[in-house]
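Got a minute to walk through this one? Have a look first, then we'll take some questions.

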Amino acid sequence: MLKIEKNELCTGCGACKNICKQNAISIIEDEEGFLKPLVDHYKCINCSLCDNICPIFNYKSSNTKNPKSFLFMNKDKIEKEKSSSGAFFPLIAKYIIEQNGIVFGVIWDENIKAIQASAQNFDELEKMRGSKYVQADTKSTFKEVQYFLDKGKVVLYSGTPCQIAGLKSFLKKDYQNLITIDLICHGVPSRKIFEYYKKMFLKQKRDNTKIININMRPKPVKFEYIHYWKIETLLKTYKISMQKNPFVLTFLYNLNLNKSCINCRFNCLPRVGDITIGDFNGVEYFENNLKVEDGVSVILLNNKKGERFYEEISKQQISKEVPFEKVVRYNLNIVEATRPHEKRDAFFKNFLLKEQSMEDFAKRYIKIYPFEIIYIYKRLPNFIKKIIKKILAKND
Ligand SMILES: Cc1cc2nc3c(=O)[nH]c(=O)nc-3n(C[C@H](O)[C@H](O)[C@H](O)COP(=O)(O)OP(=O)(O)OC[C@H]3O[C@@H](n4cnc5c(N)ncnc54)[C@H](O)[C@@H]3O)c2cc1C
């Protein structure tokens with residue numbers, strides 16, 4: 001059956017594909033470039049295993065709605081430079097590997113597509129560092145996790161909230177040897193648009209080689225309000241500023257996000273993972289000598305297991321408990337899904353018709369403001385930001 005097939009709420013988490021004993025479900029890109037299940041009705045025997053574990057219909061969390069919250073920074077400067085935020089992920093991941101455990105996280109495959117993969121040593125772990133701002137394919141990792149858990153191995157799985165909900169629904173029971181981390185999530189951009197961007201990039205640079213790595217949050221950030229990408233090809237390494245990157249702009253302005261992200265059921269309280277991690281936006285209102293660009297993370301401990309792990313690994317690090325209600329004020333994606341840009345559907349329709357170049361799309365739908373304006377805007381309280389957004393929307 002698969003009730004979720006062709007449903008806008010489907011996140012493409014892959015739990016249905018992982019559970020199907022008939023191999024009747026594949027995860028493929030839909031028209032907009034988001035991963036969705038496709039059922040081979042010749043193979044399907046209507047056993048309903050997929051419907052019974054689909055997190056959209058079945059996920060329930062027993063985590064707290066009032067998690068302990070911490071400001072976190074890895075003490076090791078080099079560790080922090082290699083990660084996107086405060087480098088909490090590599091700290092816990094290394095701890096798990098030292099216990100002879102397995103870590104699951106997102107890497108670029110050989111074609112620079114985002115996929116969930118496993119790591120059993122420090123070298124394999126390196127590829128998981130860094131946020132890849134595009135939807136990742138979970139492949140067969142849920143089945144692999146179950147295999148290792150049943151063998152008694154300690155397993156760490158990190159991913160977007162929908163991926164963690166998918167994994168937990170797939171496993172059906174709570175394993176003491178599993179620890180899960182969900183990211184505070186703005187939403188995931190389309191894989192198709194990402195492919196298009198990569199192709200256009202090489203063409204514009206007249207680079208006939210191949211992209212071999214993309215760092216979407218390189219550090220150190222030169223000026224705190226300038227973000228850039230580092231794109232490595234076989235020929236050279238390029239630095240692309242945020243303002244000149246239509247893929248980043250369409251992400252930040254909520255144009256290229258999955259419809260299921262806009263209706264996300266997992267970016268809310270209680271959080272799905274044992275531990276939630278994200279950027280500490282608004283950290284300057286807690287510690288006036290810090291900025292999020294310094295690599296500061298917010299950590300939420302959603303249950304006793306999360307608390308135990310955090311206590312164990314954060315001892316030698318920079319960690320300070322902070323009031324949860326105040327953290328949420330500057331990080332709304334802890335409690336709610338991102339609201340879409342009102343032209344989101346038009347953007348996809350026009351993009352898919354390939355009427356214009358991606359830059360033209362970005363220019364048509366996004367007002368690009370000077371850095372100084374963005375700098376000031378970022379520091380305003382949320383209620384003022386909301387008023388400004390309303391005024392701008394009215395004038396559009
Ligand atoms: C698509 C996306 C949207 C995000 N939105 C927000 C946001 O709105 N607010 C916020 O505070 N934080 C957000 N984050 C989280 C933030 O960017 C950092 O990833 C997080 O704080 C971890 O930082 P770190 O330094 O501890 O880990 P790092 O060492 O940088 O490791 C990166 C971690 O992210 C995981 N990861 C990377 N790409 C993906 C992906 N495509 N899908 C699933 N997991 C992935 C890796 O497996 C690893 O666990 C988002 C991350 C992603 C991938």
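Q: Which residue of β13 is the bridge partner of Phe-72?
A: This is a predicted model, where local features need pLDDT of at least 70, side-chain atom pairs count only at pLDDT 80 or more, and totals for chains, interfaces and linings use all residues. Residues are numbered from 1 along each chain as its sequence is written. Strand β3 (residues 68-73) runs antiparallel to β13, with five bridges joining them; strands are DSSP runs of E, at least two residues, helices are H or I runs of at least four, and both are numbered from the N terminus. Across in β13, Phe-72 is matched with Ser-319.

Q: Which strands are at the edges of the sheet?
A: The open, mixed sheet has eight strands, ordered β5-β4-β6-β7-β11-β12-β3-β13. Strands pair if DSSP finds at least two bridges between them. Pairing on one side only marks the edge strands, β5 (114-119) and β13 (318-322).

Q: What angle does the direction of helix α7 make with that of β6?
A: Helix α7 (residues 141-150) packs on the sheet and touches β4, β5, β6 and β7 (178-183), contact being C-beta atoms, placed from the backbone, within 7 Å. Axes are lines fitted to C-alpha atoms, for helices over the stretch in contact, with angles from 0 to 180 degrees between N-to-C directions. For α7 and β6 that gives about 160°.

Q: Which residues come nearest the ligand?
A: A residue counts as near if its C-beta atom, placed from the backbone, lies within 6 Å. Elements each supplying at least two shell residues include α5 (88-98) and β4 (102-108). Of the 33 residues around the ligand, the nearest are Ser-83, Ser-85, Gly-105, His-186 and Gly-278.

Notes: Contact = placed C-beta atoms within 7 Å.
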